[in-house]
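Reader: I would like to go through this model with a few questions on burial and packing. Please show the sequence and structure before we start.

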Amino acid sequence: MSGATTGKMGVYREDGKTYQNQRVGNIKFVSQSLRSESFRNYLIQSLKQTIYDIAYGGAQPNISAKAIENIEIALPPLNEQKVISQILNQYLTTVSQTQARLDAIPKLIEKFRQSVLNDAFNGSLTDDWRKNNSDIGGAFSNQAELNKFRTEELQKLPINWQWLKFEAVAEIASNLEDPKLTPKAIHLAPNHIASNKGKVIEISTIEDDNVKSAKHGFQKGQIIYSKIRPYLCKVVIAEFNGLCSADMYPINSKIETKYLWYWMLSAKFTHWASNAESRSVLPKINQKDLNKIPTPTAPIKEQKEIIRLIDLFFAHADQIEKNVAIAKARVDNLTQSILHQAFTGNLTAEWREQNPDLISGENSAEALLAKIEAEKKANKTKKKK
């Protein structure tokens, strides 16, 4: 075993012949005395951290088969093995159920965010605010409002709101530059942006990425949008100056920048950007098609209130997400903690006190070990014949 997979384990339960590559070890039990399959599997699983700890190497740690064979394990009596398996089945089933619930929460949070964006851009998020703010001003533009996009009738918006083409509220600022002139400049590519999150997840320079071809120059405060695979929804507000991939558009907003950015993060915008009239998924969206996408445009004062409310709801969602990540890390570590308690005898200490006759004499670990040694010798004798 080697690399980032060191310590990963699985149990092969099929009857057919199978193959493994040179980086995978195959652990077999030589004795039939360990009759409980669940105990054997839990025992192997408990060795994960031990294997990782004794692995050698830096970026690609390895461990030899000999090193695994030399790992010492605590062997409980057969009756105690069965009890350990029963306790672990109960505890780890609960852990797995908890993990499943935690794993489901991020999807629920994403649905919540999209629900907030949907309410924001159909006007319902600021219904009460509008009732108390009659001085919000008129429509943003004197342009005629859109009523239809492609074959779809556009949803009716609140008074003074407008469906405007993207080009009426934003400008695509194509500005190709020679990257060789600024090797230390920040380079932003689609893979540096998280899908649906509006966040940069990696920062590198032109020099780091060995960029050769022309790139778009962008400025802090511009929206950067990935035109390739628009269904991935990769869009951020730049917090620095730099150069972005030619597969991205730097965008100047004519309305509140964050309002436009939130609209571009919405499921509706992503759907329109990703699908032509044929409903086939596009590998990229060109400027002409992007400029046609409708934008539900509120008066400027209301745009600011919408930004404030989305920020508030998203901040709560972010905090929940952080708490879930912390809880998930703890639960993920709980499995190894429970296994450690099991194979150091702590989980069955009370049971041993109550059942001394089941772990002594012919039922003891010593007797079991002697039986295993006898089986190993018998197997060696058979092989020699």
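Reader: Is N133 buried or exposed?

Author: The model is predicted, and N133 is found there in the loop between α5 (127-131) and β1 (148-149). A residue counts as buried under 20% relative accessible area. The relative accessible area of N133 is 18%, so N133 is buried.

Reader: How far apart in space are N133 and E302, C-alpha to C-alpha?

Author: In sequence, N133 and E302 are 169 residues apart. Among contacts in the chain between residues at least 6 apart in sequence, 74% join residues at least 24 apart. For N133 and E302, the C-alpha to C-alpha separation in space is 9.1 Å.

Reader: Which helix gives the largest share of the largest nonpolar core?

Author: The largest nonpolar core has 43 residues, and those with the most contacts inside it include Y225, I251, L260, M264 and F269. Seven residues of this core come from one helix, covering residues 257-265. That largest share belongs to helix α7.

Reader: How many of the nine residues of α7 are buried?

Author: Y259, L260, W261 and Y262 of α7 are buried. W263, M264 and L265 of α7 are buried too. The helix is mostly covered, and the count of buried residues is seven.

Reader: Are α4 and α7 oblique or roughly parallel to each other?

Author: Helix α4 (residues 78-122) packs with α7 at an angle of about 125°, with their axes 10 Å apart. Angles under 35 degrees count as roughly parallel, over 145 as roughly antiparallel and 65 to 115 as roughly perpendicular, and the rest as oblique. The two helices, α4 and α7, are therefore oblique.

Reader: How many residues of the contact of α4 with α7 are nonpolar?

Author: α4 passes α7 in a left-handed crossing. The contact is made by Q114, L117 and F121 on the α4 side, and by Y259, Y262, W263 and L265 on the α7 side. One residue of this contact is polar and no residue is charged, and the nonpolar count is six.

Reader: Which residue of α7 does I310 touch?

Author: I310 is among the residues with the most contacts inside the largest nonpolar core. Not counting residues up to four places away in sequence, I310 touches V116, L117, A120, L125 and Y262. Of α7, the buried residues include one that is on this list, namely Y262.

Conventions. Residues are numbered from 1 along each chain as its sequence is written. This is a predicted model: local features need pLDDT of at least 70, side-chain atom pairs count only at pLDDT 80 or more; totals for chains, interfaces and linings use all residues. Side-chain values use heavy atoms; hydrogens and water are left out. A nonpolar core is a set of buried Ala, Val, Leu, Ile, Met, Phe, Trp, Tyr and Cys residues joined through side-chain atoms within 4.5 Å. Buried means under 20% relative accessible area, exposed over 50%, partly exposed in between (1.4 Å probe, protein chains only). Helices (H or I, at least four residues) and strands (E, at least two) are DSSP runs, numbered from the N terminus. Contact means heavy atoms within 4.5 Å. Axes are lines fitted to C-alpha atoms, for helices over the stretch in contact, and angles run from 0 to 180 degrees between N-to-C directions. A crossing is left-handed if the near helix is turned anticlockwise from the far one by less than a right angle, and right-handed if clockwise. Ala, Val, Leu, Ile, Met, Phe, Trp, Tyr, Cys and Pro count as nonpolar, Asp, Glu, Lys and Arg as charged, and the others, Gly among them, as polar.
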